[in-house]
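Hi,

Here is the structure I promised to pass on. Have a look at it first, and my notes follow below.

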Amino acid sequence: MRLGVNIDHVATLRNARGGIHPDPIKAAVISEKAGADLIVAHLREDRRHINEDDIANIIKSINIPLQLEIAPTSFMFNFAINNNIKKVCIVPEKRQELTTEGGLNIKYNFNFLTEMLPNLYKNNIEVSLFLDPVTENIDACKELGVNAIEFHTGEIANAFGEKEKSLINQLKNVIEYAVTRGISIRAGHGLNFD
């Protein structure tokens, strides 16, 4: 197992205060020193937290990989390529949401991804998709040549009792299917210590 630490909301606090503290770059360095395997940051269209300068400074300040979360847009794909980003996770994005509310709609984005993913691959960028844990998403990933999925676990994190157990079992079944198809699995969003 490996741990990626998302530093977005450190930047959210900084931006809300209108100053320079807390510093997301410092948060990335502290996370690395504490044993994180990678740093995760979402460069959103509205730049509500992480911005381009943050990305450049994080890359200069850490010795572990940065995984950049990006929306499926030409601008974001070109940003990743032009800034020599080595890991991207393609995520959905809605301006009105406080944080990512669910997985990417792979059917809706399939044609765009079919056309644009080869640009990332030929620039040696490791690609994962942020998806809801359903088997249809596994098959679509294989069609696109994507070998890594981060499953959205927000619903599980907010559930309890029998609902939580049911969702965890569903996730386990989808993970088992993904592994048989050669897909590397990650989980994220709303995870807590338990």
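Glycine 18 sits just after helix H1 and takes a positive phi of about 75 degrees. (Helices are DSSP runs of H or I with at least four residues, strands are E runs of at least two, and both are numbered from the N terminus.) Bear in mind that this is a predicted model, where local features need pLDDT of at least 70, side-chain atom pairs count only at pLDDT 80 or more, and totals for chains, interfaces and linings use all residues. Numbering runs from 1 along each chain as its sequence is written, and side-chain values use heavy atoms, without hydrogens and water.

Back to H1, residues 8–17: Asp8, Ala11 and Arg14 are its buried residues (under 20% relative accessible area with a 1.4 Å probe, protein chains only; exposed is over 50%, partly exposed in between). They lie on the same side of H1 because they cover an arc of only 120 degrees around the axis, taken from the directions from the helix axis to the C-beta atoms. The face turned away from that side carries the exposed Ala16 and Arg17. What do the buried residues of H1 pack against? Strands S1 (4–6), S2 (38–42) and S3 (66–70), plus helices H2 (24–33) and H3 (52–61), with contact meaning heavy atoms within 4.5 Å.

Elsewhere, leucine 129 touches Cys89, Ile90 and Leu104, among others, leaving out residues up to four places away in sequence.

Cheers
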